[in-house]
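Hello,

As promised, I am handing over the structure we talked about. Have a look at it first, and then read my notes below.

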Amino acid sequence: MKVTSKWLGKRHFQADGPSGNTIYMDAKREDGGTGQGNRPMELLLMGIVGCTGIDIAMILERMRVNMEGLEIEAVGERRDEFPQAFTRIHLTYHITGDVPAAKAWRAIHLSEEKYCSAIGSIRAEVVPHLVLNGTDIPPLDVVTQGDGQPD
C-alpha cells in the first residue's frame, strides 16, 4: 500500500491513498497549524474504529445476527513525553438490534485479536466496552465450538 502527502503550507498537508480519496491534516493552531484538517492522531483513532467496525458488521452478518445499528467511540490515552503515543485506547461499541451479548462479544474479540489490521499495528492496550441496546454488558469469556460459533 502506498500513500502520498503534499505540504500545503505551515503544518497543512493533503494525503492521497490507493482508494482515490483525499484527506487533509493539520496541526493545532498553538503548534502553528491553521485548523484546516484532522490531526494525524485523530486519523489513527478513526482508522481503528473504521477497521473494527467493518469487521464487526461482517462477523455479525456471517453469524446471521440482525444488527440494526453500530456506533464506536474511541478514547485514547497518550504519554506526556514525546513521542506522545497512545498507551491505552478504550473502544465502546454501541450495538442495537436483536444481537445476543455472547455473539456481540465474540465479534468484538475476533476483530480486536484476529482481523483488525489497524489494532494489530499499534502498541497501545485496547480496552473494549459493549453497550447493547443501551445497556452496559460486562465482558464475557466466549468459548467457541469447532465451527467458530459461541457456545
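**What I found**

Setting aside residues up to four places away in sequence, leucine 140 touches Ala101, Ala102, Trp105 and His109. Please keep in mind that this is a predicted model.

Where does leucine 140 sit along the chain? Its place is in the segment after β7 (135-137). Is leucine 140 buried or exposed? Neither label fits: leucine 140 is partly exposed, because its relative accessible area is 32%, which falls between the 20% and 50% cut-offs. You can also try finding histidine 12, which is 128 residues from leucine 140 along the chain. The C-alpha atoms of these two residues are separated by 44 Å.

Next, the sheet. There is an open sheet of 4 strands in the order β4-β5-β6-β7, and its pairing is mixed. β4 (66-78) and β7 are the edge strands, each pairing on one side only. On average, and ignoring direction, neighbouring strands of this sheet are turned by 25° against each other. β4 and β5 (residues 86-98) run antiparallel and are joined by 12 bridges. If you would like one example to click on, alanine 74 has leucine 91 in β5 as its bridge partner.

Two helices pack on this sheet. Helix α2 (residues 101-115) touches β5, β6 (125-132) and β7, and its direction makes about 155° with that of β6. Helix α1 touches β4 and β5, and the direction of α1 makes about 150° with that of β4.

Finally, the pockets. How much space lies in the largest pocket? The largest pocket holds about 580 Å³. Its lining has 17 residues, and Met1, Val3, Ile23, Leu43 and Gly47 lie nearest the centre. Two or more lining residues come from each of β1 (4-9), β2 (12-16), β3 (22-25) and α1 (40-62), with α1 giving the largest share, 5 residues. By type, the lining of the largest pocket has 9 nonpolar, 7 polar and 1 charged residues.

The second largest pocket has about 280 Å³ of space. Among the residues that line the second largest pocket are Asp26, Lys28, Arg39, Glu42 and Phe82. Here too α1 gives the largest share of the lining, 3 residues. How does this lining divide by type? There are 4 nonpolar, 1 polar and 7 charged residues in the lining of the second largest pocket.

Enjoy exploring, and write back with any questions!

Best wishes

Definitions and conventions. Residues are numbered from 1 along each chain as its sequence is written. This is a predicted model: local features need pLDDT of at least 70, side-chain atom pairs count only at pLDDT 80 or more; totals for chains, interfaces and linings use all residues. Side-chain values use heavy atoms; hydrogens and water are left out. On a 1 Å grid over the protein atoms alone, a cavity is a set of points where a 1.4 Å probe fits but cannot get out, and a pocket is an open set with protein on both sides within 12 Å along at least five of seven lines; lining residues have an atom within 4 Å of a point. Grid points are joined across faces, edges and corners, and a volume is the space filled by probe spheres set on the points. Ala, Val, Leu, Ile, Met, Phe, Trp, Tyr, Cys and Pro count as nonpolar, Asp, Glu, Lys and Arg as charged, and the others, Gly among them, as polar. Buried means under 20% relative accessible area, exposed over 50%, partly exposed in between (1.4 Å probe, protein chains only). Contact means heavy atoms within 4.5 Å. Two strands pair if DSSP finds at least two bridges between them. Axes are lines fitted to C-alpha atoms, for helices over the stretch in contact, and angles run from 0 to 180 degrees between N-to-C directions.
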